[in-house]
Structure formats: C-alpha cells, structure tokens
Amino acid sequence: VWLFAILFVFLVRLFVLFLERYLFTKNIGVRNVIIVGGDRTAKSLLQTFNERRMLGYRVVAYIPTFTSHTIEDIERKFTEYDADEIIQAGADVTKEQSAELLSFAEEHHLIFKYLADLFATHSRNIVITTIAGVPIVEIHRTSLDGWGKIGKRFFDIVVSLLLVIIT
C-alpha cells in the first residue's frame with residue numbers, strides 16, 4: 001500500500017502539473033501582471049513571460065520608467081485588463097515610488113512583488129520565489145493566506161475535537 005501511495009501521489013502530481021501548464025497555454029488560470037521598471041532584469045522577465053506562457057503569467061502592461069502619470073496608467077490598465085499582480089522589476093524606482101506602488105496594490109487588493117534585493121528585505125510576511133531564475137519577493141498582507149488559512153482552521157478543529165474527547 002505504501003509503494004502504491006507513493007506511485008499514485010507522484011502520478012497525480014505529474015498529471016496536475018501537465019494539466020496546469022496546458023491550461024496556462026490556453027489562457028485559463030493565467031495571472032495578469034503589470035511590470036514596472038526598465039532595467040535589464042525587467043526586460044528579461046518581460047521576455048520570459050511572453051515566450052513561456054506555461055509559467056501562467058500574462059503581461060498586460062509594461063511601464064519602463066516611473067513618471068508622475070505612472071499610477072494613473074497602472075489604474076487604467078488594472079481596470080481594463082483586471083490585473084492580478086504588480087511586479088516592480090526596476091532598480092531605478094525610488095523608495096517613495098515603491099511606497100506608492102505598494103499603496104496602490106493594497107488599495108486595489110493586488111499582489112505586490114518586487115525583484116529581490118536580498119540584503120534589503122527586512123519584512124516579516126515575505127515569500128521569496130524564483131520565476132525563470134530571477135528571485136522575486138512577494139509581500140503578504142497576512143502570514144496566513146489561501147490554503148494556509150484553511151489548513152490552520154482544519155488543524156484547530158481536529159486538535160480541539162481530539163482534546164475534548166481525551167479530556
């Protein structure tokens with residue numbers, strides 16, 4: 001039974017991975033992103049997202065330089081394409097501009113990610129992932145999000161029930 005469980009879990013995960021990538025190529029479940037920044041890394045990320053649709057990202061707006069109209073451009077693209085995420089990929093964006101982007105993302109319930117400066121990250125609710133070999137930092141609004149919140153609730157109920165039965 002143990003060997004079959006391992007085999008079936010492996011096969012199901014493989015099937016889900018292929019199904020997910022297939023659906024991404026058909027634009028099902030794809031995340032619409034707005035990339036802000038114009039350095040080499042931002043352009044590389046843009047090119048990777050455009051070439052490798054199986055990653056599940058579609059760039060709906062690319063804003064190479066942050067100007068006084070950038071937030072209005074992002075808001076227009078957000079409403080036009082129903083964007084899901086903002087990725088700050090440029091090192092040329094100042095802290096004040098980053099704060100504006102983060103504020104906009106929080107106000108519109110968007111995921112905010114930025115390319116990792118690993119020595120400058122001092123936040124508690126961050127997740128560092130890599131997309132196409134580029135480290136990206138995501139700031140979570142809470143430490144429990146999505147399935148983490150559901151898993152914690154399930155764990156709380158089961159443990160509470162067991163403790164009630166035992167006592």
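This report describes the fold of a predicted protein model, from its overall make-up to its sheet, two of its helices and selected residues.

## Overall make-up and confidence

The protein has 167 residues, of which 30% count as buried. Its secondary structure comprises five helices and six strands. Read from the N terminus, these elements follow the order α-β-α-β-α-β-α-β-β-β-α. Among contacts with a separation of 6 or more, 68% join residues that are 24 or more positions apart.

The mean pLDDT of the protein is 84, and 89% of the residues score at least 70. Among the elements, helix H1 (residues 2–25) has the highest mean pLDDT, at 93, while strand E6 (residues 134–139) has the lowest, at 77. Where pLDDT is low, the predicted coordinates should not be read in detail.

## The sheet

The six strands form an open sheet of mixed pairing, and their order is E2-E1-E3-E4-E6-E5. E2 and strand E5 (126–131) occupy the edges; each has a single partner strand, so one side of each is left without a neighbour in the sheet. From one strand to the next, the twist averages 30°.

Strands of a sheet pair through backbone hydrogen bonds, either parallel or antiparallel. E3 takes part in two parallel pairings: with E1 over four bridges, and with E4 over four bridges. Within the first pairing, valine 33 stands opposite glutamate 85 of E3. In the second, isoleucine 86 has phenylalanine 112 of E4 as its bridge partner.

In a regular strand the side chains alternate between the two faces of the sheet. In E3, Glu85 and Ile87 point one way, whereas Ile86 and Gln88 point the other way. All four of these residues are buried.

## Helices H2 and H3

The table sets out the two helices that are described in this section.

| Helix | Residues | Number of residues | Span, first to last C-alpha | Source of comparison |
|---|---|---|---|---|
| H2 | 40–51 | twelve residues | 16 Å | 16 Å expected at 1.5 Å a residue |
| H3 | 70–81 | twelve residues | 16 Å | 16 Å expected at 1.5 Å a residue |

Helix H2 reaches a span close to the expected value. Its buried residues are Ala42, Leu45, Leu46, Thr48 and Phe49. Viewed down the axis of H2, the buried residues fall within an arc of 165°, so they line one face of the helix. Arg40 and Glu51, on the other side of H2, are exposed. The buried residues of H2 pack against E1, E2, E3, E4, E5 and E6. The direction of H2 makes about 145° with that of E2.

Helix H3 likewise has a span close to the expected one. Thr70, Ile71, Ile74 and Phe78 are the buried residues of H3. Seen down the axis of H3, they fall within an arc of 95°, so they line one face of the helix. These buried residues pack against strand E1 (31–36), strand E2 (57–63), strand E3 (85–88) and helix H4 (95–107). H3 packs on the sheet through E1, E2 and E3, and its direction makes about 150° with that of E2. After H3 comes aspartate 82, which has a positive phi near 55°.

## Threonine 70 and threonine 65

Threonine 70 is situated in helix H3. Its relative accessible area is 0%; the cut-off for a buried residue is under 20%, and threonine 70 is therefore buried. Leaving aside residues up to four places away in sequence, threonine 70 touches Ile63 and Thr65.

Threonine 65 belongs to the loop between E2 and H3. With 47% relative accessibility, threonine 65 counts as partly exposed, because that class runs between the 20% limit for buried residues and the 50% limit for exposed ones. Threonine 65 also lies 5.9 Å from glycine 38, C-alpha to C-alpha, although the two are 27 residues apart in sequence. Threonine 65 thus appears both in the contacts of threonine 70 and in this pairing of positions distant in sequence.

Conventions:
Residues are numbered from 1 along each chain as its sequence is written. This is a predicted model: local features need pLDDT of at least 70, side-chain atom pairs count only at pLDDT 80 or more; totals for chains, interfaces and linings use all residues. Side-chain values use heavy atoms; hydrogens and water are left out. The expected span of a helix is 1.5 Å times one less than its number of residues. Buried means under 20% relative accessible area, exposed over 50%, partly exposed in between (1.4 Å probe, protein chains only). The arc is that of the directions from the helix axis to the C-beta atoms. Contact means heavy atoms within 4.5 Å. pLDDT is the predictor's confidence in each residue, from 0 to 100. Two strands pair if DSSP finds at least two bridges between them. Axes are lines fitted to C-alpha atoms, for helices over the stretch in contact, and angles run from 0 to 180 degrees between N-to-C directions.
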